[in-house]
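Me: I would like to learn how to read the contact between two chains in a model of this kind. Could you take me through it, giving the general idea before the case at hand?

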There are 2 protein chains.
Amino acid sequence: MIEFWFDFSSPYGFFGSLEVEDVARRHGRRVVWRPFMLGAVFKTTGMRPFTDIPLRGDYSIRDWKRIARMKGIPFALPPGHPINPVHPARLFYWLESRAPDQAVDFARLAYRAIFQEGADLREPEVAAAIATRAGADRTEALAALSAPEWKDRFRAATDEAVARQVFGSPFFIVDGEPFWGWDRLPMLDRWIASGGW
Amino acid sequence: MIEFWFDFSSPYGFFGSLEVEDVARRHGRRVVWRPFMLGAVFKTTGMRPFTDIPLRGDYSIRDWKRIARMKGIPFALPPGHPINPVHPARLFYWLESRAPDQAVDFARLAYRAIFQEGADLREPEVAAAIATRAGADRTEALAALSAPEWKDRFRAATDEAVARQVFGSPFFIVDGEPFWGWDRLPMLDRWIASGGW
């Protein structure tokens, strides 16, 4: 199993989402997708969104565009970046409770909508529309967005992230070993292949 | 040319120092070693040493040890980590003014002393002893440590780092393109090989 912790507002999380399943497949592992709210973890660490940090902010934007060009994919920051990820995250956990594969499809579609289509998933209607693309019912999706059950589920996932020392996005845990960042995927791959070192 | 900006207190800078010349050699490029004071740049960015950040600190220590094991080399944090890098940095620029190759030898020896031998380079005598290993005269090295000329030279290098938006260690600049972090070396390698993208 590979735990894949991510925030829907995280560009590096988006890039990780495009690669983690390939890494897992090479080793016959399953990926457990775990959206959480990075902003809540920042309260523990004192860290900030990259784009709020002088110098590092400009570099991050350049790095994201450079990674996207390297991968040959479109990329653009969404309106209001970094967005509050609460809507896609609640929909993810709602879908996961019914059909885990559908939830993963939704996560991919949501990430693509955010970072490739300029969609504003802060809007419930927009988030629900993405859920319909993954096969969900629009009215049910809108209801899930305001149901206490999925608010609580997402909050519990974020609490678990803090408890597990997940302090960034993406963050991978494999056999108890933590790997932070899209750029740690090659090391993670090697770690699994060699059984650690 | 590859500009290699680093702080002598930076473990990732140390790992970068072990690899950057190999990358340069593959492409027939020269490395310009540029020690600077990361702590001064933190005043601009508001960033902090990794080990001061909750959760991320523990992860960083784990990551450094993991990288060292992967590379099959010894590694330990020095007393007082992160140390003030002023002594090795001044000696570097003093040596560079006389013999650039000797300065690079010194930088390697200093990094090794700090992260593999537990040497405390905050002590002028200890820093000067490393300079003698690189072929310098001990008395001259001690004099250089307190000479205004090399204090100013190091300060100027740090000012240049801020002006060039160098906000972390290691930080590489190739043909105007910035790469932050030991873990960006594979991308830098690919960037040079393909002439950018």
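Reply: Let us begin with a term: a salt bridge is counted where a side-chain nitrogen of Lys or Arg lies within 4 Å of a carboxyl oxygen of Asp or Glu. Please keep in mind throughout that this is a predicted model.

Me: How many salt bridges are there between chain B and chain A?

Reply: The count between the two chains is eight. One of the pairs is R184(A) with D63(B), whose closest N and O atoms are 2.6 Å apart. In addition, 18 residue pairs are in polar contact between chain B and chain A, with both residues at pLDDT 80 or more.

Me: Which elements of chain B give two or more residues to the side that touches chain A?

Reply: They are helix 2 (38-45), helix 3 (56-71), strand 4 (177-180) and helix 9 (185-194) of chain B. Helix 3 gives the most, with nine residues, and by class this side of chain B has 19 nonpolar, five polar and eleven charged residues.

Me: What is the area buried between chain B and chain A?

Reply: The size of an interface is often given as the accessible area lost when the parts come together. Here the area buried between the two chains is about 3200 Å², of which carbon and sulfur atoms give 57%. On the side of chain B, L55(B), Y59(B) and R66(B) supply 21% of the area buried against chain A, more than any other three residues. In terms of contacts, 35 residues of chain B meet 35 residues of chain A.

Me: By what turn and shift can chain B be laid on chain A?

Reply: A turn of 180 degrees with a shift of 0.0 Å along the axis lays chain B on chain A with an RMSD of 0.0 Å, and that is the relation of a two-fold axis. The same surface serves both copies, since 100% of the contact residues of chain B recur in chain A. Of the residues of chain B, D183(B) comes closest to the rotation axis, its C-alpha being at 3.3 Å.

Me: To finish with a single residue, is P74(B) buried or exposed?

Reply: A residue is called exposed when its relative accessible area is over 50%; P74(B) is therefore exposed, with a relative accessible area of 52%. P74(B) is found in the loop between helix 3 and helix 4 (86-98) of chain B, and, leaving aside residues up to four places away in sequence, P74(B) touches F115(B) and Q116(B).

Methods:
Residues numbered from 1 in each chain as written. Chains lettered and ligands numbered in written order. Predicted model: local features only at pLDDT ≥ 70, side-chain atom pairs only at ≥ 80, totals over all residues. Heavy atoms only, no water. Contact = heavy atoms within 4.5 Å. Buried area = accessible area lost by both parts, 1.4 Å probe. Polar contact = N/O pair within 3.5 Å; in protein donor to acceptor, adjacent residues only side chain to side chain. Helix = DSSP H or I, 4+ residues; strand = E, 2+ residues; numbered from the N terminus. Nonpolar A, V, L, I, M, F, W, Y, C, P; charged D, E, K, R; others polar. Buried < 20%, exposed > 50% of the residue type's maximum accessible area, 1.4 Å probe, protein only. Least-squares fit on C-alpha atoms with pLDDT ≥ 70 in both.
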